[in-house]
Amino acid sequence: MRADDLIDGEHSRATWARARMGPELAAAFDADLREVLGAAEVEFRVETRLLWGRARAAPRPQPAA
């Protein structure tokens, strides 16, 4: 991931949203991050697990036709 991609990702958070920060503060934030990151490649990995409900002990009874 490029530094610009990471910076864009940070701006997707409510705290760092460009609209909330304003153009001058957002530009300063971007410059600071670019300086810290330099030419480094950043690896960002997301893992998700979603559990919804639980298995039934027996099948649900079907309504009579």
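This is a short talk on the helices, the core and the one aromatic pair of a single protein chain.

Good morning. The model I am presenting is a predicted one. I will begin with the overall fold, continue with the helices in turn, and close on a few individual residues.

The protein chain contains 3 helices and 0 strands, and along the sequence it reads as α-α-α. Its radius of gyration is 23 Å, whereas the globule rule gives 11 Å for 65 residues, so the chain is more spread out than a compact globule. The C-alpha trace spans about 65 × 25 × 15 Å along its principal axes. As for burial, 18% of the 65 residues count as buried.

Let me turn to helix H3. This helix covers residues 23-37, which makes 15 residues. From first C-alpha to last it reaches 21 Å, close to the 21 Å expected at 1.5 Å a residue. Which residues of H3 are buried? They are Ala26, Phe29, Asp30, Leu33 and Leu37. Viewed down the axis of H3, these buried residues fall within an arc of 100°, and they therefore line one face of the helix. On the face turned away from that buried side, H3 carries the exposed residues Glu24 and Glu35. The buried residues, for their part, pack against helix H1, residues 3-11, and helix H2, residues 18-21. After H3 comes Gly38, which has a positive phi, near 60°.

Helix H1 can be described in similar terms. Its buried residues are Ala3, Leu6, Ile7, Glu10 and His11. Down the axis of H1 they fall within an arc of 145°, so they too line one face of their helix. The cover over these residues includes H2 and H3.

I come now to the nonpolar core. The largest one has 5 residues, namely Ile7, Met21, Ala26, Phe29 and Leu33. Which helix gives the most to this core? It is H3, with 3 residues. One of the core members, Ala26, is in contact with His11, Arg18 and Met21, once neighbours within four places in sequence are left aside.

Another core member, Phe29, brings us to the aromatic residues. The structure holds 1 aromatic pair. Its partners are Trp16 and Phe29, whose ring centres are 4.6 Å apart and whose planes stand at 20°; with the cut-off for stacking at under 30 degrees, the pair is therefore stacked. Trp16 lies in the loop between H1 and H2, while Phe29 belongs to helix H3, so the pair ties together parts that are 13 residues apart in sequence. How do the two partners stand in terms of accessibility? Trp16 has a relative accessibility of 33% and so counts as partly exposed. Phe29, at 15%, counts as buried.

Two acidic residues deserve a separate word. The first topic is Asp30, in helix H3. Why does Asp30 count as buried? The reason is its relative accessibility of 9%, given that buried means under 20%. Leaving aside neighbours within four places in sequence, Asp30 is in contact with Ile7, His11 and Arg18. The C-alpha atoms of Asp30 and Ile7 are separated by 6.5 Å, although these residues are 23 residues apart along the chain.

The other residue is Glu10, found in helix H1 and listed among the buried residues of that helix. Not counting residues up to four places away in sequence, Glu10 touches Trp16, Phe29 and Leu33. Glu10 thus meets both rings of the stacked pair as residues. Between Glu10 and Ala26, which are 16 residues apart along the chain, the C-alpha separation is 11 Å.

To summarise, this predicted chain has 3 helices and is more spread out than a compact globule. The buried residues of H3 line one face and pack against H1 and H2, and H3 gives the most to the largest nonpolar core. The aromatic pair of Trp16 and Phe29 joins the loop between H1 and H2 to helix H3. Thank you for your attention.

How values were computed
Residues numbered from 1 in each chain as written. Predicted model: local features only at pLDDT ≥ 70, side-chain atom pairs only at ≥ 80, totals over all residues. Heavy atoms only, no water. Helix = DSSP H or I, 4+ residues; strand = E, 2+ residues; numbered from the N terminus. Expected span 1.5 Å × (residues − 1). Buried < 20%, exposed > 50% of the residue type's maximum accessible area, 1.4 Å probe, protein only. Arc of directions from axis to C-beta. Contact = heavy atoms within 4.5 Å. Core = buried A, V, L, I, M, F, W, Y, C linked by side-chain atoms within 4.5 Å. Phe/Tyr/Trp six-rings, centres within 6.5 Å; stacked < 30°, edge-to-face > 60°. Rg over C-alpha atoms; globule rule 2.2 N^0.38 Å.
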